[in-house]
Amino acid sequence: MGHNVRGRPPQPARESSGGGARLRSRVAWLLRVGRLYGAEPAWVSATSFSAAFPGGSHPEPVSQSRISRWETVRIEVPGRAIRRYEELLGLPACTLTATVDLVTRYLSPGRAA
């Protein structure tokens with residue numbers, strides 16, 4: 001593995017056949033990729049990212065383990081945390097939230113054909 005590789009080694013996605021699990025894995029992937037490959041090199045470290053997390057649309061502090069659990073589909077990501085990712089990553093408003101809404105509609109169980 002090269003020296004310029006960011007983050008942990010790739011792992012197979014943990015998804016079941018259900019739309020809810022697929023949705024959560026897609027959201028987690030968006031957040032992780034945005035953090036690891038974004039414009040701010042300091043965000044590669046979950047420690048520095050979690051230290052900067054409180055504020056904006058998510059005033060409560062979060063631990064680096066919570067960031068990791070969001071990005072590895074261990075727990076569901078709240079909507080305001082997705083908005084905070086946008087703020088920290090310097091993305092235009094609603095870039096991630098609109099994408100998550102679109103993917104949610106597409107992968108939601110029982111959606112119309």
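# Exercises on a five-helix chain

Among contacts (heavy atoms within 4.5 Å) in the protein chain between residues at least 6 apart in sequence, 52% join residues at least 24 apart. The structure is a predicted model, in which local features need pLDDT of at least 70 and side-chain atom pairs count only at pLDDT 80 or more, while totals for chains, interfaces and linings use all residues. Residues are numbered from 1 along each chain as its sequence is written, and side-chain values use heavy atoms, with hydrogens and water left out.

## Exercise 1. Overall architecture

Determine how many helices and strands the protein chain has, and state what share of its residues is buried.

*Solution.*

Step 1. Secondary structure is assigned from DSSP runs, with helices (H or I) of at least four residues and strands (E) of at least two, numbered from the N terminus. The protein chain has five helices and zero strands, and its elements run α-α-α-α-α from the N terminus on.

Step 2. Burial is a matter of relative accessible area: buried is under 20%, exposed is over 50%, and partly exposed lies in between (1.4 Å probe, protein chains only). Of the 113 residues in the protein chain, 31% are buried.

Step 3. The surface is computed by the Shrake-Rupley method with a 1.4 Å probe, and for residues only the protein chains shown count as cover. The protein chain exposes about 7000 Å², of which carbon and sulfur atoms supply 56%.

## Exercise 2. The largest nonpolar core

Identify the elements that give two or more residues to the largest nonpolar core, and describe the contacts of Phe53.

*Solution.*

Step 1. A nonpolar core is a set of buried Ala, Val, Leu, Ile, Met, Phe, Trp, Tyr and Cys residues joined through side-chain atoms within 4.5 Å. The largest one has 18 residues, and those with the most contacts inside it are Phe49, Phe53, Ile67, Trp70 and Tyr85.

Step 2. Two or more residues of this core come from each of α1 (19–36), α3 (64–71), α4 (79–89) and α5 (95–107). The largest share, five residues, is that of α4.

Step 3. With neighbours within four places in sequence set aside, Phe53 is in contact with His58, Val62, Ile67, Trp70, Ala81, Arg84, Tyr85 and Leu88.

## Exercise 3. Burial in α3 and α4

Explain why the buried residues of α3 lie on the same side of the helix, and list the buried residues of α4.

*Solution.*

Step 1. The buried residues in α3 are Ile67, Ser68, Trp70 and Glu71. They lie on the same side of α3 because they cover an arc of only 160 degrees around the axis, the arc being that of the directions from the helix axis to the C-beta atoms.

Step 2. The background is helical geometry: an α-helix has 3.6 residues a turn, so residues three or four places apart point the same way.

Step 3. In α4, the buried residues are Ala81, Ile82, Arg84, Tyr85, Glu86, Leu88 and Leu89.

## Exercise 4. A buried arginine

State whether Arg35 is buried or exposed, and name its contacts.

*Solution.*

Step 1. Arg35 is found in helix α1. Its relative accessible area is 4%, so Arg35 is buried.

Step 2. Residues up to four places away in sequence are not counted; Arg35 then touches Trp43, Val44, Ser45, Ala46, Phe49, Ile67, Glu71, Tyr85 and Leu89.

## Exercise 5. Positive phi in the loops

Locate Val73 and Cys94, and give the phi and burial of each.

*Solution.*

Step 1. Val73 lies in the loop between α3 and α4. Its phi is near 65 degrees, a positive value in a residue other than glycine. At 17% relative accessibility, Val73 counts as buried.

Step 2. Cys94 is found in the loop between α4 and α5. Cys94 is not a glycine, yet has a positive phi of about 75 degrees. Its relative accessibility of 47% makes Cys94 partly exposed.

Step 3. A glycine with positive phi also appears: Gly90 follows α4, with phi near 70 degrees.

## Exercise 6. Residues of α5

Find the C-alpha to C-alpha distance from Thr99 to Val27 and from Val103 to Arg24.

*Solution.*

Step 1. Thr99 is found in helix α5 and is partly exposed, with a relative accessible area of 32%. Thr99 and Val27 are 72 residues apart in sequence and 8.8 Å apart in space, C-alpha to C-alpha.

Step 2. Val103 lies in helix α5. Between Val103 and Arg24 the separation is 79 residues in sequence and 9.7 Å in space, C-alpha to C-alpha. Apart from neighbours within four places in sequence, Val103 is in contact with Leu23 and Arg26.
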